[in-house]
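Please look over the model shown here. A short report on its fold, core and ligand shell comes after it.

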Amino acid sequence: MLHGPQPGPVDDDALSAVYPWPDTTGKPYVRAMMVCTLDGAAAGDDGLSGSVSGGADRSVLRAVRRFADVVLVGGGTMKAEGYGPLKARPEDADVRRDAGQAPAPVLAVVSGSLDLPLDPGGFTDSDVTPIVFTTSSADPARVEDVRKRCEVVQLPGEKVDAEQVVQQLHRRGLGRIVCEGGPGLLHQVTESGLLDEADITIAPMLVGTDKTPSTPMVSDPSTMTLQHVLTAEEFLMLRYTRGTGTGTAEPSAPNPRDVTSAPGSDGDDQGAES
Ligand SMILES: NC(=O)c1ccc[n+]([C@@H]2O[C@H](COP(=O)([O-])OP(=O)(O)OC[C@H]3O[C@@H](n4cnc5c(N)ncnc54)[C@H](OP(=O)(O)O)[C@@H]3O)[C@@H](O)[C@H]2O)c1
């Protein structure tokens, strides 16, 4: 059970309410969802984020995904984590429909090689057809293969431009974007100035960083504003938004500084943090 900004347990609805999505009609909203250990690792010795995650962390992942339009991941994460299909949740159907959303978020994958797991039962069995962003120079045979089960968008350039990905998604009415990594794609999103929010879980362990890909320095580092801290199972679930101080374009949020603790939580979502 999570305890939230207001002292006391946090159920699924209350948890989603403290990760609000703004109106994205005029502008997309991109949030990062990542877990890292006390020594900065994004993966444990199995090379996966699940081994540094926990139930409370997965509850937050689920709360954010519930009303997202897009779950955005890099090809490396798709392969490493073996994403399963994104399915609609009947209990969220009315809210999503009233907001003009598809029944489930779209899984969007960024990949140059298109070396993706296309087997039945995997991400391609999502309720909404996944979108794969690749380059115009991608292997035509692979493009054809992926196109059998996904929509493929080919963009100019040697690698896929993160800004164009976000623009393309927004043009389709998909403005609520949660980027679940990995570090490589998240770096590009950050470098492009696209990141509006960072939802970062700190896991109570030190595992070493051998299995964590390094990323280049950000050319124009920025500071973010803490909106809340949730705690459960010795984990900290942090929510930061773009900019410093007040006056940011941040969706309505509760008191940011209340920190409470809770004995435990549960969660069942697959993905980068499971
Ligand atoms: N702690 C966490 O919350 C978390 C979250 C996610 C992942 N992870 C972990 O992070 C590791 C993976 O990290 P990563 O940085 O390698 O992941 P990544 O960013 O998901 O993947 C990098 C790969 O994705 C493709 N790609 C990414 N951006 C691209 C672009 N702009 N254009 C073309 N292709 C692009 C490329 O591979 P291809 O061209 O071959 O597709 C690239 O090598 C795994 O160990 C995973 O478990 C941890």
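The report below moves from the whole chain to single residues.

This is a predicted model, in which local features need pLDDT of at least 70, side-chain atom pairs count only at pLDDT 80 or more, and totals for chains, interfaces and linings use all residues. Residues are numbered from 1 along each chain as its sequence is written.

**Confidence.** pLDDT is the predictor's confidence in each residue, from 0 to 100. The mean pLDDT of the protein chain is 89, and 87% of its residues reach 70 or more. Over residues 246-250 the pLDDT is below 50, and this stretch has seven contacts in the model beyond near neighbours in sequence. Residues 252-270 also have a pLDDT below 50, with 55 contacts beyond near neighbours in sequence. Where pLDDT is low, the predicted coordinates should not be read in detail.

**Chain.** The protein chain holds seven helices and eleven strands. Helices (H or I, at least four residues) and strands (E, at least two) are DSSP runs, numbered from the N terminus. Of the 274 residues, 44% count as buried. A residue is buried if 20 or more other C-beta atoms lie within 10 Å of its own, exposed if 12 or fewer, and partly exposed in between, with C-beta atoms placed from the backbone. Two residues are in contact if their C-beta atoms, placed from the backbone, lie within 7 Å. Among contacts with a separation of 6 or more, 75% join residues 24 or more positions apart.

**Core.** The largest nonpolar core has 65 residues, and Val70, Ala108, Ile177, Val178, Cys179 and Val189 touch the most other members. β3 gives the largest share of this core, six residues. Such a core is a set of buried Ala, Val, Leu, Ile, Met, Phe, Trp, Tyr and Cys residues joined through C-beta atoms within 7 Å. Leaving out residues up to four places away in sequence, valine 70 touches eight partners listed by name, including Pro105, Ala108, Leu169 and Ile177.

**Helices α6 and α7.** Both helices have buried residues with strands among their cover.

| Helix | Buried residues | Cover includes | Glycine that follows, phi |
|---|---|---|---|
| α6 | Ala162, Val165, Val166, Leu169, His170 | β3, β4, β5, β6, β8, α7 | glycine 173, near 85° |
| α7 | Leu185, Leu186, Gln188, Val189, Thr190 | β3, β4, β5, α6, β8 | glycine 193, near 75° |

The buried residues of α6 cover an arc of only 130° around the axis, so they lie on the same side of the helix. The arc is that of the directions from the helix axis to the C-beta atoms.

**Helix α2.** Alanine 56 is found in α2 (residues 55-66). Alanine 56 counts as buried because it has 27 C-beta neighbours inside 10 Å. Its C-alpha is 6.7 Å from that of leucine 2, though the two are 54 residues apart in sequence. Arginine 65 is also placed in α2. Arginine 65 is buried, with 23 other C-beta atoms within 10 Å. From arginine 65 to alanine 104 the C-alpha distance is 8.8 Å, across 39 residues of sequence.

**Ligand shell.** Which residues are closest to the ligand? They are Gly74, Gly75, Gly76, Gly181 and Gly182, out of 33 that surround it. A residue is near a molecule if its C-beta atom, placed from the backbone, lies within 6 Å of it. α3 (75-81) supplies at least two shell residues, as do β3, β4 and α7. α3 gives the most, with five.
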